[in-house]
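Please have the sequence and the model open side by side, and follow the strands and the interface as the text comes to them.

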Protein chains: 2
Amino acid sequence: MKRHAWPVPFTALATLAAHPAAAAPGAGLPSWNEGPAKRSIVQFVQTTTDPASPQFVPPAERIATFDQDGTLWVEQPIYSQVIYCLERVPALIKTRPQLATQEPFKTVLSGDGSALVRLTKDDLMKVLEAALAGMSVEEFRSQVRAWLEHARDPRWQRKYTELTYLPMQELMRYLRANGYRTYIVTGGGQAFVRVFAEETYGIPPEQVVGSAGGTSYGYDDHGNPVLTKEAKLVLMDDNVGKPQGIELMIGRRPHAAFGNSVGDRQMLEYTTAGKGARLAMLVLHDDATREYAYGPARGLPESRVGSFPAALDEEAQKKGWIVISMKEDWRQIFAFER
Amino acid sequence: MKRHAWPVPFTALATLAAHPAAAAPGAGLPSWNEGPAKRSIVQFVQTTTDPASPQFVPPAERIATFDQDGTLWVEQPIYSQVIYCLERVPALIKTRPQLATQEPFKTVLSGDGSALVRLTKDDLMKVLEAALAGMSVEEFRSQVRAWLEHARDPRWQRKYTELTYLPMQELMRYLRANGYRTYIVTGGGQAFVRVFAEETYGIPPEQVVGSAGGTSYGYDDHGNPVLTKEAKLVLMDDNVGKPQGIELMIGRRPHAAFGNSVGDRQMLEYTTAGKGARLAMLVLHDDATREYAYGPARGLPESRVGSFPAALDEEAQKKGWIVISMKEDWRQIFAFER
């Protein structure tokens, strides 16, 4: 497993490992500034894991769900999975040369930025289908793995898997150290995220819930069974699809849920509608210097991806969902910052 | 958790708990007679968990999948979930009285056995839909829980959850003691099986994969979010649906798979097509005295449920799948036998 730098003194780490309950509260959250967000997390964990607490949650029920894009890693200027699909087109052309003269593949191949932004949603869906379906599940995994190895993001020139938020990594480890099982519940592709979630987040494939296409079961030339990825969606895991996906794949209501945009609204609503202690948090991207700033809540610029409108901000205030300000609450955003 | 009697000497149990690797091989399988089936299990576990073995399987990859009906519990004379749906009809009539005069509900209410057997598949589907959809996921769980508490099977007059096979319970515990995660992969209803799987088998809801209907997300009169069960199937988890369900819900190929009928064929095929050590086993119901006898393989009577045809028997021989003879391989079938 890849190790991200984790600036906790070694002695604190050792203490945490040996006696999770005996560690100083919040000792595993060094990238979080002291403030209401960090306090809410520590208080929630203490309340739900202390057997003497009236809000104690038995270990089997300790489920925490995390959106991915914009919550665990960068989603600007566009979702990494979309970049994957666009960058996959040249390889697609090698096996299906006839696509080179067809739209939208011709435009994608041209590399003409101004033409690319004009691609319609339908155009994009054609590229996504071609990049995400039609191959065996094993072929798909090795294609994504190879791309993750060589691809670099345009701003930091880092691997996409390095663009994860250190405070959220710490939060997931802190929850796991306290008996919580951490799940990703993403509008992105379940099969895509599963390729790197274990190495990047310590989350195994069976704890990744996402938008999922079907598969067909057939045989290769040697008579070996093959699962082939299909374009047809079995689960669209966004908005109402998030609680639906949680019910389908986990079968328990989470006690904690983390998101950053309107697509996470129903997951947070469903989580906090349960009895007993529940924690719901939303990451607000308000740090253009260290990451990005977009809303349009609180006068931040609008964004095509990961919209956080004023109505969501108001609902959060009303329902006690905690808004995490990247600028105020996070001492450090990426492990590679020094 | 409910405790099933488990005829292992206490000292052996204590040893197993303290030092799983130090226990005598197969010590956790007292209801299995010595023979090829038990030997295959013990050998598979030793080969895949010994770090010095070339066929060692890392703990994260240790997945074992179990069919339920006919593999973990009795499926004769008809699936327990179908009995649940039929016995649910009187309660349905209370909330929807107009059904009492409509077919097939009228026939079900009549209790006329000869009319009941003549119900078509479409008739049965109407009853299943009415009993399994249209209510919130929480209401459904409490309805099933209440039924399981009072319902008794016609032959042994036991709770349905007592009709589980002790050797398979031991096998699941033995695998878990050796780092395997045990999943149910059933053609039956995922939501139905999840209600009792944790208490009955020690398998949590998130490790139950089954035929699953969709849910709709809405609100009750107080504005609380509600997931309502829908009749529309998201996953038909039988035949090719089993490897498809495994890919959707687990995302890893199992190293061991257990079934008892044609509906499990593709799951076993997919499992054993993987590299390294794999174990595939089929329970053959050849014990009319202690349980039931049906095939039609090996001259056993035909059955409407859980068919084990001669072709499956031949495929098993050819591919090294182990056929478990209830009569020969199981010393004791139920915990309540004494």
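In chain B of this predicted model, B:G213 has B:L233 of strand β4(B) as its bridge partner. This pair belongs to the antiparallel pairing of strand β3 (residues 208-219) with strand β4 (residues 225-235) of chain B, which runs over 7 bridges; helices (H or I, at least four residues) and strands (E, at least two) are DSSP runs, numbered from the N terminus, and two strands count as paired if DSSP finds at least two bridges between them. B:S216 stands opposite B:T228 in β4(B), and B:Y219 stands opposite B:P225 in that strand. The two strands form a hairpin with 5 residues between them, and B:G223 in the turn has a positive phi of about 85°.

Before going further, a word on conventions: residues are numbered from 1 along each chain as its sequence is written, and chains are lettered from A and ligands numbered from 1 in the order in which they are written. In this predicted model, local features need pLDDT of at least 70 and side-chain atom pairs count only at pLDDT 80 or more, while totals for chains, interfaces and linings use all residues, and side-chain values use heavy atoms, with hydrogens and water left out.

The hairpin is part of an open sheet of 7 strands in chain B, in the order β4-β3-β2-β1-β5-β6-β7 and with mixed pairing. Because β4 and β7 (322-325) of chain B stand at the edges, each with a single partner strand, one side of each is left without a neighbour in the sheet. Neighbouring strands are turned by 30° against each other on average, direction ignored, where axes are lines fitted to C-alpha atoms, for helices over the stretch in contact, and angles run from 0 to 180 degrees between N-to-C directions. Helix α8 (residues 166-177) of chain B packs on this sheet and touches β1 (63-66), β2 (181-189), β5 (256-259) and β6 (279-284) of chain B, its direction making about 165° with that of β1(B); contact here means heavy atoms within 4.5 Å. Within the sheet, β2(B) and β3(B) pair in the parallel sense over 4 bridges, and B:G189 has B:S211 in β3(B) as its bridge partner.

Chain A also has an open sheet of 7 strands, in the order β4-β3-β2-β1-β5-β6-β7 with mixed pairing. Its edge strands are β4 and β7 (322-325) of chain A, each of which pairs on one side only. Strands β6(A) and β7(A) pair in the parallel sense over 4 bridges, and A:L284 stands opposite A:S325 in β7(A). Helix α10(A) packs on the sheet, touching β1 (63-66), β2, β3 and β4 of chain A, and its direction makes about 130° with that of β2(A).

How many residues does each chain bring to the contact between chain A and chain B? Chain A gives 35 residues and chain B gives 35 residues. Together the chains bury about 3000 Å², 50% of it on carbon and sulfur atoms; buried area is the accessible area (1.4 Å probe) that two parts lose on being put together, summed over both. In chain A, the residues that lose the most area to chain B are A:E206, A:Y217 and A:L248, together 21% of what that side buries.

Side chains of opposite charge can pair when their charged atoms come close. Between chain A and chain B there are 10 salt bridges, a salt bridge being a side-chain nitrogen of Lys or Arg within 4 Å of a carboxyl oxygen of Asp or Glu. One of them joins the side chains of A:R252 and B:E206 (3.1 Å, N to O). On the side of chain A that touches chain B, α7 (137-150), β2 (181-189), α9 (190-201), β3 (208-219), β4 (225-235), α10 (241-249) and α11 (265-272) of chain A each supply at least two residues.

Helix α11 of chain A also holds both A:R265 and A:E269, which lie 4 residues apart, about one turn of the helix. These two residues form a salt bridge, with the closest N and O atoms 3.3 Å apart.

Some backbone details remain. A cis peptide bond with omega of about 20° joins A:G295 and A:P296, and A:P296 lies in the loop between β6 (279-284) and α12 (310-319) of chain A. In chain B, a cis peptide bond with omega of about 0° joins B:E103 and B:P104.
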